[in-house]
Amino acid sequence: PPVPLPPLSQPLSITHFALSLLQSSAVAPTTTVLIDAASDRHVSYENFIGQVHSLTLSLRSLAPALSKGHVAFILSPTSLHVPVLYFSLLALGVVVSPANPIGSESEIAHQVRLTRPAIAFATSATAHKLPRDELRTIILLDSPEFLSMLNGVRSSDTLPDFGIEVSQTDSMAILFSSGTTGRVKGVLLTHRNFIAQLAGVHALRREPDPTLPDEQTVSLFMPPLFHVYGFFMLVLAVTMAETLVLRERFDFEAMLRAVERYKVSYMPVSPPLIVSLAKSELAQKYDLSSLRRIGCGGAPLGNEVVERFTEKFPNVEIVQGYGLTEGGGVTRMIGPEESKRYASVGRLAENMEAKIVDPETREALPPGRRGELWLRSPTVMKGYIGDDKATAETLHSDGWLKTGDLCFFDDEGFLYIVDRLKELIKYKAYQVPPAELEPILQSHPDIADAAVIPYPDEEAGQIPMAYVVRKPGSNINEAAVMDFVAKQVAPYKKIRRVSFINSIPKSPAGKILRRELISHALSS
Ligand code: AYL
């Protein structure tokens, strides 16, 4: 039976909603919820809720006080502590803002300026990247102080309400995305956004699936927990009483070993991992027979890749989903028949409205016609924090969100992603905004002008490519350009291809004509 959306007037944090769904699944409290694959540490449901309970009490009595509406900035690799931290902060109404721990210092400083956190959580490996003078309190997740905050309550089967009234419309998280244009922005999400999404998916996943044996689902988590995909999949997995296997860093062979060791049945991934599984000889060395289903989202998945993968793993079903930070998970596939439609990303999720809009005339188009996908749903963000202009350009007052993706629907409601209209480059499903790299290139004394575009790549999907105009007299080469940028950005944002050109094509208003550069790159 579908889970009804709770009335909007009811105060409810995402933590309390998720745990109430967990309780309705009648899971044994001793069932394992979290496993750290590197150390083989196991945490049971009652210990998890006990840690959340304990940490929430500790955080509430911090001095200086941490209270509802404050922002907590989190800079940590995946660990067993991150889920506990999320659930505790959210129970208190504190807004969580997790950032990529491999970000550069200037990227992180920009994110801290956007979110104005009251507190930051880091690890002894990441803390040095935080701008100390802008942060009153920094707590290290691998410190004895934090461990003692977790251990005040040994185990617990329910979470008290802590006397804090969290409205569903209260802010819940600030995640990072560049949207359709420009630099990284803070995407403000509410508790309601995740509640609506959980209610929708929970309804689907509870439908009996005759192809799956009735046993504990063990999920191995590939997407990072700071990204909307990993963050949401984490909350969902707890809600569904799954066992979650976490790994601090990605390592292909360690991943195969973990699938074998923990009999993993489900993995949410992004396309590059399916490419690796389809191509790698290593996969043959491990017993992966427990694997039933792979969820894939975040970037386009090629047909040939799926065919190759299916030949090699005929018993593993690939269920594609499409989504974006600003709007949550938008589509999904249900069951083996639907998931054979390789070219489609599935049908609309619960509570989601969509239209295909002609980018020029803004006219809504019928099935079969291509245009920009617009979305309206209770999962859509409140806006970009502190950026009314970008919010107004993306989110219309009547609730429609422009995705910047070129798409069409077929007659049966299946969605197909054709291309990306927005500037965004996706390197292995990571966001690379050209607007961040262009000013860096332009700051080089030998560079007169520059533009960055996506270039197709089999393994990564796309790589960032720079078109560079040299200053008169300069003979700066490809390697020097790449090196200059690499020193200033996170590794996934590096420029990996350079071409020199006499001038960057621009519109009369000075906008870079990226389409022209992309056609130029593809034809040469
Ligand atoms: P962001 N196929 C093609 N392109 C995709 C797909 C897909 N399946 N999924 C995402 N994209 C692109 O904010 C598209 O251009 O979130 C989209 O606008 O980092 C952009 O990536 C959004 O990038 C899920 C499944 C959340 C996916 C997600 C969103 C992950 C990416 C929950 O269940």
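User: Helices (H or I, at least four residues) and strands (E, at least two) are DSSP runs, numbered from the N terminus. Which element gives the most to the shell around the ligand?

Analyst: Heads-up: this is a predicted model, where local features need pLDDT of at least 70 and side-chain atom pairs count only at pLDDT 80 or more, while totals for chains, interfaces and linings use all residues. Numbering starts from 1 along each chain as its sequence is written, and side-chain values use heavy atoms, leaving out hydrogens and water. With three residues, the top contributor to the shell is S14.

User: How much of the ligand does the protein bury?

Analyst: Start with polar contacts, meaning pairs of N or O atoms within 3.5 Å. A ligand oxygen is 2.5 Å from a side-chain N or O atom of Thr 325, and an oxygen of the ligand is also 2.5 Å from one in the side chain of Asp 405. Taken alone the ligand exposes 670 Å² (Shrake-Rupley, 1.4 Å probe), and the share of that buried by the protein is 96%.

User: Which elements give two or more residues to that shell?

Analyst: Two strands do this, S14 (322–324) and S21 (415–420). Being near the ligand takes a heavy atom within 4 Å of it, and 19 residues are around it. So if you want the names again, they're S14 and S21.

User: How many charged residues does the shell have?

Analyst: Asp, Glu, Lys and Arg count as charged, Ala, Val, Leu, Ile, Met, Phe, Trp, Tyr, Cys and Pro as nonpolar, and the others, Gly among them, as polar. The shell has seven nonpolar and eight polar residues, and its charged ones number four.

User: Which strands stand at the edges of the open sheet?

Analyst: The order is S17-S18-S20-S21, with antiparallel pairing (strands pair if DSSP finds at least two bridges between them). One side of each edge strand lacks a neighbour in the sheet, because each has a single partner strand. Those edge strands are S17 (353–357) and S21.

User: Which residue in the S20–S21 turn has a positive phi?

Analyst: S20 (residues 401–409) and S21 pair antiparallel over five bridges, with Cys 407 opposite Ile 417 and Phe 409 partnered by Leu 415. The two strands form a hairpin with five residues between them. At about 85 degrees, the positive phi in the turn belongs to Gly 413.

User: At what angle do helices H1 and H3 cross?

Analyst: In contact (heavy atoms within 4.5 Å), Ile 14 and Leu 19 are among the H1 residues meeting H3 residues that include Phe 87 and Leu 90. The axes, lines fitted to C-alpha atoms over the stretch in contact with angles from 0 to 180 degrees between N-to-C directions, come within 7 Å and cross at roughly 115 degrees.

Notes. Polar contact = N/O pair within 3.5 Å; in protein donor to acceptor, adjacent residues only side chain to side chain.
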